[in-house]
Amino acid sequence: MSSVLIEAKNVSKRYRNGLAGEWQQILTNVSMMVHDGETVGICGPSGCGKSTLSRILAGLEEPDKGEIWFRTILLSSVDNKIRKEMRRKIQILFQDPGSSFNPVRKLNVSMNRLINLPGVTLPRQGFSEILHKVGLHEEILSRYPHEISGGQAQRLALARILLTKPELIILDEPTSGLDISVQAQILRLLKEVKKREKMSYIIISHDSDVLSFMSDRIYSMENGALS
Ligand SMILES: Nc1ncnc2c1ncn2[C@@H]1O[C@H](COP(=O)(O)OP(=O)(O)OP(=O)(O)O)[C@@H](O)[C@H]1O
């Protein structure tokens with residue numbers, strides 16, 4: 001068995017409803033792991049805590065209790081510099097990536113900003129290569145976000161993520177807004193990219209066909225607990 005890439009140990013999280021509302025327990029003692037090169041599925045009804053768990057795994061939120069380990073690093077114990085580096089290694093591909101592009105800027109402006117981020121060093125040619133890897137041509141960058149389709153937005157979001165050379169991508173309902181035929185293309189692309197780039201995936205979906213097509217193993221979440 002390959003080594004463990006990321007592991008959640010007894011993670012719990014609660015949120016408050018409004019400023020002075022009741023506390024709502026979202027995750028209760030959740031433990032799970034992903035090995036190198038593995039695709040792990042998470043299924044479960046709406047509101048059961050799947051996205052909350054992904055944000056915690058990606059270091060975007062802190063758990064109230066429990067630990068997240070990335071290889072031998074305990075996320076809660078690292079300084080800001082290492083935390084930033086960890087954030088680069090764990091990326092989330094969201095359901096509606098189009099909305100994350102600035103609507104009044106052409107796509108090349110949004111993408112160029114990312115290329116110029118600290119820690120991302122990529123020659124122009126490397127960027128074209130990444131676009132081709134996800135089945136896009138540079139021409140798309142001269143458009144505004146509203147001028148591209150849902151499938152193209154998902155490909156572009158994937159290219160943007162690949163720029164940062166992640167080790168784990170959390171796919172949060174990656175195809176749920178797409179037509180069936182585009183959905184199949186994106187899932188095949190995700191599989192190809194994973195194989196080529198040697199990454200791991202966590203995929204969250206309501207669709208059991210999507211999960212069984214993509215996953216090596218599937219966790220089921222109900223009322224904030226995993227089985
Ligand atoms: N920042 C927050 N503050 C308060 N409550 C929140 C917050 N984020 C999520 N919640 C609540 O936590 C619960 C779990 O939400 P979460 O998005 O993790 O569920 P999910 O399983 O991903 O749902 P879906 O499949 O519909 O996306 C929901 O009741 C949601 O309203």
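This passage walks through a predicted model of a protein with its ligand, from the binding site to the nonpolar cores and a few individual residues.

A natural place to begin is the ligand. It is surrounded by 14 residues, and the closest are Ser46, Gly47, Lys50, Ser51 and Thr52. By character, this shell divides into 4 nonpolar, 7 polar and 3 charged residues. Several polar atoms of the protein can be picked out beside oxygen atoms of the ligand. In Ser51, a polar side-chain atom lies 2.8 Å from a ligand oxygen. For Gly49, the partner is a polar backbone atom, 3.0 Å from an oxygen atom of the ligand. The side chain of His206 also takes part, with an N or O atom 3.3 Å from an oxygen of the ligand. On its own the ligand has 640 Å² of accessible area, and the protein covers 63% of it. Strand S1 (4-16), strand S2 (23-35) and helix H1 (50-57) are the elements that give two or more residues to the shell. Of the elements, H1 gives the most, with 4 residues.

Helix H1 deserves a closer look. How many of its 8 residues are buried? The count is 6 of the 8, so the helix is largely enclosed by the rest of the structure. The buried residues are Lys50, Thr52, Leu53, Ser54, Ile56 and Leu57. Just after the helix, Gly59 takes a positive phi of about 80°.

Thr52 links this helix to its surroundings. This residue lies in H1 and is among the closest to the ligand. Thr52 counts as buried because its relative accessibility is 7%, and buried means under 20%. Beyond residues up to four places away in sequence, Thr52 touches Lys13, Tyr15, Ile26 and Leu27.

One of these partners, Tyr15, is found in strand S1. Is Tyr15 buried or partly exposed? With a relative accessible area of 24%, Tyr15 is partly exposed. Its side chain makes a polar contact of 3.0 Å with the side chain of Arg55, and another polar contact, of 2.7 Å, joins the side chains of Tyr15 and Glu61. Leaving aside neighbours within four places in sequence, the residues in contact with Tyr15 are Glu22, Trp23, Gln24, Ile26, Thr52, Arg55 and Glu61. Tyr15 and Tyr219, in turn, are 204 residues apart in sequence, and their C-alpha atoms are 23 Å apart in space.

Attention now turns to the nonpolar interior. In soluble globular proteins, nonpolar side chains tend to be buried together. The largest nonpolar core here has 34 residues, and those with the most contacts inside it are Leu156, Ile169 and Leu190. Two or more residues come from each of helix H3 (107-115), helix H4 (124-133), helix H5 (150-163), strand S7 (168-172), helix H6 (180-197), strand S8 (200-204) and helix H7 (208-214). H5 gives the most to this core, with 8 residues. For Ile169, the contacts other than neighbours within four places in sequence are Gln91, Leu93, Leu158, Ile161, Leu162, Met199, Ser200, Tyr201 and Ile202. A second core, separate from this one, has 29 residues, including Ile42, Cys48, Ala58 and Ile68.

Another buried residue worth a visit is Thr39, in strand S3 (residues 39-43). Thr39 is buried, with a relative accessible area of 2%. The side chains of Thr39 and Lys194 are joined by a polar contact of 2.9 Å. Lys194 is also one of the contacts of Thr39 from outside its neighbours within four places in sequence; the others are Tyr201, Ile203, Met214, Ser215, Asp216 and Arg217.

Finally, two loop residues stand out for their backbone angles. Lys165, in the loop between H5 and S7, has a positive phi near 50° and is a residue other than glycine. Lys165 counts as exposed, at 56% relative accessibility. Asn223, in the loop between strand S9 (217-222) and strand S10 (225-226), has a positive phi of about 45° although it is not a glycine. With a relative accessible area of 69%, Asn223 is exposed.

Methods
Residues are numbered from 1 along each chain as its sequence is written. This is a predicted model: local features need pLDDT of at least 70, side-chain atom pairs count only at pLDDT 80 or more; totals for chains, interfaces and linings use all residues. Side-chain values use heavy atoms; hydrogens and water are left out. A residue is near a molecule or strand if one of its heavy atoms lies within 4 Å of it. A polar contact is a pair of N or O atoms within 3.5 Å; within protein, one must be able to donate a hydrogen and the other to accept it, and residues adjacent in sequence count only if both atoms are side-chain atoms. Accessible areas come from the Shrake-Rupley method with a 1.4 Å probe; for residues, only the protein chains shown count as cover. Ala, Val, Leu, Ile, Met, Phe, Trp, Tyr, Cys and Pro count as nonpolar, Asp, Glu, Lys and Arg as charged, and the others, Gly among them, as polar. A nonpolar core is a set of buried Ala, Val, Leu, Ile, Met, Phe, Trp, Tyr and Cys residues joined through side-chain atoms within 4.5 Å. Buried means under 20% relative accessible area, exposed over 50%, partly exposed in between (1.4 Å probe, protein chains only). Contact means heavy atoms within 4.5 Å.
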